Amino acid sequence: MPSAIPHDRLPLAFGGDYNPEQWPQEVWEEDVRLMREAGVTLVSLGIFAWARIEPRPGEYDFEWLDRIIGMLHEAGINVDLATPTVVPPAWFYRAHPEALPVTREGVRMGFGSRGAICHSNPHYRAAAAEITSRLGERYGRHPAVVLWHVHNEYGAPVLTCYCDTCEVAFRGWLQDRYGTLGALNQAWGTAFWGQLYGDWEEIGVPRATPTVVNPAQQLDFHRFADGQARANFTAERDILHHLSPGVPVTTNFMAAPSQCQSIDYWAWAREVDLVTNDHYLITDGRRTHVNLALAADLTRSLAGGDPWLLLEHSPSGVNWQPHNPAKEPGQMARNSLGHVARGSEGAMFFQWRQSRSGAEKFHSSMLPHGGTGTRVWREVVELGGRLADLTDLRGTRTRADVAMVWSWESWWAQSLEWRPSADLDARERLDSFYEALYDRHLTVDFFAPDALSALDPARYRLLVVPQLYSAPASVTADLERYVSRGGTLLVSFFSGIVDEHDTVHLGAYPGALRDVLGLTVEEFDPLLPGESVTVRMGGEVLHADLWSEYVVPGDGCETVAVFADGRTAGRPALTRRALGDGAAWYLATRLTGADLAAVVDLALADAGITPADLPRDVELVVREGESGTYRFAVNHTDAEVKVVLPDGSRAAVAAGAVEVFREPR
C-alpha cells in the first residue's frame, strides 16, 4: 500500500479545490493558463460533482471531466481526483429519502446543503461504491491522477444519525464488540437506574429522553457513528486500490479540535495512505497562529512523524464564521509556510476560482472575483514561486522537542452531561498547555493514550497530559516506565478518572494515574463561575479558577505549591514525585497564561530542556533529512527580529515574514 505521493511524480503541492463544473468551458482555458502562471502543481477535482458526473441514475457524463483532466495534464498540473460521495444528487434522495439523516429528536433533515448522509444506509453505500468504481475504472491509470480524494471532510456538518436503520446497525456493532448481553450490561453499568437488557432488540440508539442517557451508551454510539463513516471510507479506498494500484488514497481531515470533535483521527490515520488536513483560522479572539501550529503538529503526529499534506486552507477570509476578517498582507505565505515547516508537503487552498453562486461565494479564493489585479493574486503567485524553491525538502521530517497526550475518545466522554463542573473543557486545557510550550518555541509531537508504551524519554524528555479524563488501564504501566527511565511527566487535573466505558477506575482518584503521581485525591471541589483561588508557589502567587481538589500526597511526593485560600486552603495544588530517574508532576487546578507558564517552566527545567531565546510570536522550526536541514523562522510580529543560527551568526527576519535557512548534508 502506498504511503505518500511518490517524490518523482510531484514537487511540493500547490493549488486548490477546482470546480470547473461551476463555469462555462471557455473559462477553463483561462484557468489553466493562470494556474501555470501561479505555479500550481496539483488541483483537487470533482469533490462536489456527483450530479454532473451522473445526472440521472446509471447515466454518466465523463466528457467534461475527460477534457479538463486532459487540459491539466497537458499543462503539467497533477490531479487529486475525488469521489463525490459527500453530495449525492437530488435524484438519489428522491428515490431514497430514508438516506437523509435523522436528528436525536426524530427530525429527518432535508436536501439542499452537503454531507446530509446516513452512513448506515445500504442504498447510499451501494451508490457510493458504484460511482467510485466508475471513476476508478476510467481514471485509475491516468498519468495525471497522483492522489485519490475520498468524500470530503467526514463529520462536517453532521456524522450521527438516529434512524431505524442506524438502530439495527448499532445493535450489530454492539454484538461484535461485546459478544454477549452480559458483557454489554457490565460495560454499560446498566444495573444503575434499572437499565438491564435481556434481549438485543431492546437496545436502541440514544435518542432524546426525559433526562440523561446512559453515558456509556452515548460513548459507544459516538464510536459507532465514527466507525460507520470510516467503513464507508475504507470501502471506497479498497475499490480504488484495486482499480488504481500504486496511487495513494486519502480523505481530508479536520484535525484541529477547534474544527471537529466527532471524528477519532487516531483511528482514521491508520486507514489513509497519506494523512491530509484542512485548516481554517478561527476568529474567536485567540492567537490564530498558535492554533495553526497546534493543528499542524497534531496532523504530523497522526502521520507518525512522516510528511503530510495541507489539502485546504484559505488565501484570505472565509465566510462561515460570524465575522470573517481578511488576512493581512503576507499572512497567506506565513500561514502556508508555517504548515510546511511542521511537516506538510505543500499548501493547498479552498478554492481556485471564487464562486459566483452558492453558500461560499464570499469565501476567498486563489483567483478572487477581482481577478489578477488583486493583492491576493499577487501573493498567490509569489507563494507558488517560494514553494517551487523548496521542493528539495520533500521527505524531510520535522524535529519535535516535547510530547503531549491527546485523545478524541476521552474528549467525547468528558463532554457528556453531569460532570463535576459544566465548565470542564478538555480542548481549553489542550490549547492552554500547547500555548505555553509554543511560547517557549518548542515543537510538539502528540501521542494517543494507547501508544505511550513506545515513548522514549531519551527522545522526549517532557510529556504533558493536559487533560485525559478517560484513560485506559495500560497508561499506568506505560507512564511509570517512561518516568522511571528518566522522563518528566506533567499531568493536569481531572485525568485518569475513568476507563473506556466511562466507568470510574477502582480506588481513589486519579485512578489510572494515582500510582505514577504518588498521591490520591479525596474529593473534587469545582469552583463556581466567577470564583477564584490563589496558589502560593515559593515566593510566587498564582491565580487559579474553575477547579480545586483535596490532594493527599503519598510517600515520596513533594508539595511544590499550595492553595492559599478557598475551601482547599493549605492543600497541595502542585506536587512532584521522584520516580527512578525521572519525576511526575501534578497540577490540581486551572492556571492560564503566565501562571500556567510558571509551572511549565518548572517541568521544563526538571527535564533539562532549555527553550530557545527568541521573541514572543517568533517560531523556529526545523525539518531535516537526506537533502539537508531546513530552519524555518516565522515572524508573526510587526518588527524585524534576529535569529541565531547554528554557526553563531544572526540572521534578520523581516516583520511578518518567513525565512528558510538551508544546511546541506
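**Briefing: helix packing, sheet order and pockets**

The axes of helix H1 (residues 25–38) and helix H12 (residues 375–389) cross at roughly 55 degrees and come within 8 Å. That crossing makes H1 oblique to H12. The model is predicted. The points below cover helix contacts, the strands of an open sheet, and two pockets.

**Contact of H1 with H12**

- On the H1 side, Leu34, Glu37 and Ala38 take part, and they meet Trp377, Val380, Val381 and Gly384 of H12.
- By class, this contact of H1 with H12 comprises 5 nonpolar residues, 1 polar residue and 1 charged residue.

**Helix H6 and its contacts with H7 and H8**

- Helix H6 (residues 164–178) packs against helix H8 (residues 215–243) at an angle of about 105 degrees, and the two axes are 10 Å apart.
- H6 and H8 are therefore roughly perpendicular to each other, since angles of 65 to 115 degrees count as such.
- H6 contributes Cys166, Ala169, Phe170, Trp173, Leu174, Arg177 and Tyr178 to this contact, while H8 contributes Gln217, Asp220, Phe221, Arg223, Phe224 and Gln228.
- The contact of H6 with H8 holds 8 nonpolar, 2 polar and 3 charged residues.
- H6 also packs against H7, here at an angle of about 95 degrees and with the axes 9 Å apart.
- This angle makes H6 roughly perpendicular to H7.
- Phe170, Leu174 and Tyr178 of H6 meet Ala183, Leu184, Ala187 and Trp188 of H7.
- The contact of H6 with H7 has 7 nonpolar residues, with no polar and no charged residues.
- Phe170, Leu174 and Tyr178 of H6 thus appear in the contact with H8 and also in the contact with H7.

**The open sheet**

- Nine strands form an open sheet with mixed pairing, in the order S12-S11-S13-S14-S21-S20-S19-S16-S17.
- Strand S12 (444–447) and strand S17 (540–545) are the edge strands; each has a single partner strand, so one side of each is left without a neighbour in the sheet.
- From one strand to the next, the twist averages 25 degrees.
- Within the sheet order, S19 is followed by S16; strand S16 (residues 532–537) and strand S19 (residues 557–563) pair in the antiparallel sense over 2 bridges.
- Val535 stands opposite Phe563 in S19.

**The largest pocket**

- The largest pocket encloses about 1100 Å³ of space.
- Its lining consists of 39 residues, and Phe48, Ser113, Arg114, Ala359 and Glu360 are those that lie nearest the centre.
- Helix H2 (residues 50–53) gives the most to this lining, with 3 residues.
- By class, the lining of the largest pocket divides into 19 nonpolar, 13 polar and 7 charged residues.

**The second largest pocket**

- About 570 Å³ of space lies in the second largest pocket.
- This pocket is lined by 26 residues, of which Phe192, Pro215, Arg419, Tyr469 and Asp502 lie nearest its centre.
- Helix H7 (181–188) and H8 are the elements that give two or more residues to the lining.
- H7 gives the most, with 3 residues.
- The lining of the second largest pocket has 17 nonpolar, 6 polar and 3 charged residues.
- H7 and H8, which contribute to this lining, are also partners of H6: H8 packs against H6 at about 105 degrees, and H7 packs against H6 at about 95 degrees.

Conventions. Residues are numbered from 1 along each chain as its sequence is written. This is a predicted model: local features need pLDDT of at least 70, side-chain atom pairs count only at pLDDT 80 or more; totals for chains, interfaces and linings use all residues. Side-chain values use heavy atoms; hydrogens and water are left out. Axes are lines fitted to C-alpha atoms, for helices over the stretch in contact, and angles run from 0 to 180 degrees between N-to-C directions. Helices (H or I, at least four residues) and strands (E, at least two) are DSSP runs, numbered from the N terminus. Angles under 35 degrees count as roughly parallel, over 145 as roughly antiparallel, 65 to 115 as roughly perpendicular and the rest as oblique. Contact means heavy atoms within 4.5 Å. Ala, Val, Leu, Ile, Met, Phe, Trp, Tyr, Cys and Pro count as nonpolar, Asp, Glu, Lys and Arg as charged, and the others, Gly among them, as polar. Two strands pair if DSSP finds at least two bridges between them. On a 1 Å grid over the protein atoms alone, a cavity is a set of points where a 1.4 Å probe fits but cannot get out, and a pocket is an open set with protein on both sides within 12 Å along at least five of seven lines; lining residues have an atom within 4 Å of a point. Grid points are joined across faces, edges and corners, and a volume is the space filled by probe spheres set on the points.
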